[in-house]
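The following exercises ask the reader to work from a sequence and its three-dimensional structure. Each task is followed by a solution in steps.

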Amino acid sequence: IDELLAEGVAGKRVFVRADLNVPLDGTTITDDGRIRAVRPTVARLAEAGARVIVASHLGRPKGAPDPAFSLAPAAARLGELLGTEVAFATDTVGESARATVAALTDGRVAVIENLRFNAGETSKDDAERGAFADRLAELADVYVGDGFGAVHRKHASVFDLPARLPHAAGGLIATEVGVLKKLTEDVTRPYVVVLGGSKVSDKLGVIDHLLEKADRILIGGGMAYTFLKAQGHEVGSSLLQEDQIPAVLGYLERAEEKGVEFVLPVDVVVSAQFPDLKAKTPGHPATVAADAIPAGVMGLDNGPETNKLYASKLADAATVFWNGPMGVFEHPDYAEGTKAVAQALVDSPAFSVVGGGDSAAAVRILGFDENAFGHISTGGGASLEYLEGKTLPGLAALED
Ligand code: 3PG
């Protein structure tokens with residue numbers, strides 16, 4: 001983007017592919033981290049006199065307009081953060097978008113409606129995606145890719161559109177890639193990785209890769225129960241991916257061969273029912289040993305002994321990567337495990353990277369100061385796939 005700004009963008013229509021996929025409660029944004037993260041790029045372009053068109057997806061609508069997934073709240077928040085009026089187009093490549101872009105004057109900003117209201121955005125068919133990218137290209141003169149959270153998606157606005165316009169990477173993507181490079185190239189040891197979240201299957205690739213890189217891996221969240229089951233323990237009605245047990249056993253074996261320390265919960269907080277996250281009614285939690293979860297209850301958070309253990313395993317780290325909450329942090333009865341990991345990172349001098357929509361939102365929603373962490377990534381799947389060493393379509397498209 002520096003080169004682009006040096007060449008001059010005044011009067012040019014600049015398409016910024018952002019990731020404004022923020023968590024919403026109705027039309028209320030519960031964590032605006034992703035909007036704040038892309039604001040500097042939008043502001044720099046606007047200050048340089050560009051006519052800025054900001055585009056993003058939100059959620060997973062089915063390729064057709066759906067008011068529940070409108071970007072209008074995100075557009076309004078972007079306007080507040082910029083301290084300026086932001087125009088909003090109620091479609092993506094239709095009449096509203098064309099008219100809104102045509103009405104933009106130098107230095108002004110518009111947001112167009114959710115890209116995924118068009119089937120072409122996410123289509124697996126190259127021609128269909130290409131046809132949608134052609135229509136998006138008509139709106140702009142230049143493309144800036146700055147939606148780091150979506151760079152792992154081979155979607156029209158991420159992958160096909162930059163091939164049709166002069167393009168550059170935005171400041172957010174440059175920062176994110178710079179940080180993740182540090183974790184893949186010259187990592188300072190001990191390198192401790194904390195993985196949580198619900199599904200083991202989402203983390204297999206990254207575990208595979210991290211067994212070659214990390215010194216210690218701490219497991220929490222819903223995925224921990226598949227590990228506990230693989231070790232022969234009963235897990236009651238906890239989340240379980242039985243089909244992943246052979247893979248998990250393979251990883252535990254390889255970790256031992258490689259001298260990578262794998263740490264699992266020693267106690268967990270359980271309940272007979274999944275909590276009501278909206279009403280936040282009391283969850284009736286109880287703490288049990290992780291190797292003796294009774295039938296009929298499910299693990300919903302790490303227990304107090306695990307929290308102490310994980311804090312001690314993080315205390316001597318020089319580098320930490322954390323992806324995925326340790327429990328159902330949205331409910332106060334099951335937030336302690338996630339809080340304990342966040343607090344351990346705040347207390348530690350290690351360079352800590354918090355990756356992922358959920359864990360990044362968790363640290364902010366739980367009230368931690370985001371400046372107390374080395375870096376809070378805006379990308380969940382994107383940062384995991386980067387660490388797996390995969391080619392990310394949205395970065396490859398900006399490289400040539
Ligand atoms: C994310 O939340 O990880 C990104 O915005 C990508 O969203 P997606 O998983 O729906 O493609």
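**Exercise 1: The pairing of strand S1**

Phe 15 has Ile 53 of S4 as its bridge partner. The model in which this pair is found is a predicted one.

Task: Determine in which sense S1 pairs with strand S4 and with strand S7, and over how many bridges.

Solution.
- Step 1. S1 and S4, the latter formed by residues 51–55, pair in the parallel sense over 5 bridges.
- Step 2. S1 also pairs with S7, residues 142–145, in the parallel sense, here over 4 bridges.
- Step 3. In this second pairing, Arg 17 stands opposite Gly 145 of S7.
- Step 4. Of the 5 residues of S1, 4 are buried, so the strand is largely enclosed by the rest of the structure.

**Exercise 2: A residue ahead of S1**

Task: Decide whether Ala 10 is buried or exposed, and state which residues it contacts beyond its neighbours in sequence.

Solution.
- Step 1. Ala 10 is located in the loop between helix H1 (2–7) and strand S1 (13–17).
- Step 2. Within 10 Å of Ala 10 there are 10 other C-beta atoms. A residue is exposed if that count is 12 or fewer, so Ala 10 is exposed.
- Step 3. When neighbours within four places in sequence are left aside, Ala 10 is in contact with Ala 48, Gly 49, Ala 50 and Asp 106.
- Step 4. Ala 46 is 36 residues from Ala 10 in sequence, and the C-alpha to C-alpha distance between the two is 8.6 Å.

**Exercise 3: The sheet that contains S9**

Task: State the order of the strands in the open sheet of 6 strands and explain why one side of each edge strand is without a neighbour.

Solution.
- Step 1. The order is S11-S10-S9-S15-S16-S17, with parallel pairing.
- Step 2. At the edges stand S11 (261–263) and S17 (375–376); each has a single partner strand, so one side of each is left without a neighbour in the sheet.
- Step 3. S9 pairs with S15 in the parallel sense over 5 bridges, and Val 193 stands opposite Phe 321 of S15.
- Step 4. S9 is also joined to S10 (residues 216–219), by 4 bridges and in parallel; there Leu 195 stands opposite Ile 219.
- Step 5. S15 (residues 319–323) in turn pairs with S16 (residues 351–355) in the parallel sense over 5 bridges. Trp 322 has Val 354 as its bridge partner in S16.
- Step 6. A right-handed β-α-β unit is made by S9, helix H9 (residues 204–210) and S10.

**Exercise 4: The side chains of S9**

Task: Determine which residues of S9 point one way and which the other way.

Solution.
- Step 1. In a regular strand, side chains alternate between the two faces of the sheet.
- Step 2. Tyr 191, Val 193 and Leu 195 point one way from S9, while Val 192 and Val 194 point the other way.
- Step 3. In S9, 5 of the 5 residues are buried, so the strand is largely enclosed by the rest of the structure.
- Step 4. Pro 190 lies in the loop between helix H8 (171–184) and S9. A cis peptide bond, with omega about 0°, joins Arg 189 to Pro 190.

**Exercise 5: Annotated positions and the ligand**

Task: Decide whether His 57, Leu 58 and Ser 359 are buried or exposed, and identify the residues around the ligand.

Solution.
- Step 1. An unreviewed UniProt entry gives "binding site" annotations that include His 57 and Leu 58, and also Ser 359.
- Step 2. A residue is buried if 20 or more other C-beta atoms lie within 10 Å of its own. His 57 has 26 such atoms and is buried; Leu 58, with 23, is buried; Ser 359, with 26, is buried.
- Step 3. His 57 lies in the loop between S4 and helix H3 (72–82), whereas Ser 359 lies in helix H14 (residues 357–365).
- Step 4. Apart from neighbours within four places in sequence, the contacts of His 57 include Asn 21 and Arg 116, and those of Ser 359 include Trp 322 and Val 354.
- Step 5. Around the ligand are Asp 19, Asn 21, Arg 60, Gly 149, Ala 150, Arg 153, Gly 357, Gly 380 and Gly 381. This shell divides into 1 nonpolar, 5 polar and 3 charged residues.

Note on methods:
Residues are numbered from 1 along each chain as its sequence is written. This is a predicted model: local features need pLDDT of at least 70, side-chain atom pairs count only at pLDDT 80 or more; totals for chains, interfaces and linings use all residues. A residue is near a molecule or strand if its C-beta atom, placed from the backbone, lies within 6 Å of it. Ala, Val, Leu, Ile, Met, Phe, Trp, Tyr, Cys and Pro count as nonpolar, Asp, Glu, Lys and Arg as charged, and the others, Gly among them, as polar. Helices (H or I, at least four residues) and strands (E, at least two) are DSSP runs, numbered from the N terminus. Two residues are in contact if their C-beta atoms, placed from the backbone, lie within 7 Å. Two strands pair if DSSP finds at least two bridges between them. UniProt positions are given in the numbering used here, feature names are shortened, and annotations may be inferred rather than shown by experiment. A crossover is right-handed if, with the strands pointing away from the viewer, the path from the first strand over the helix to the second runs clockwise.
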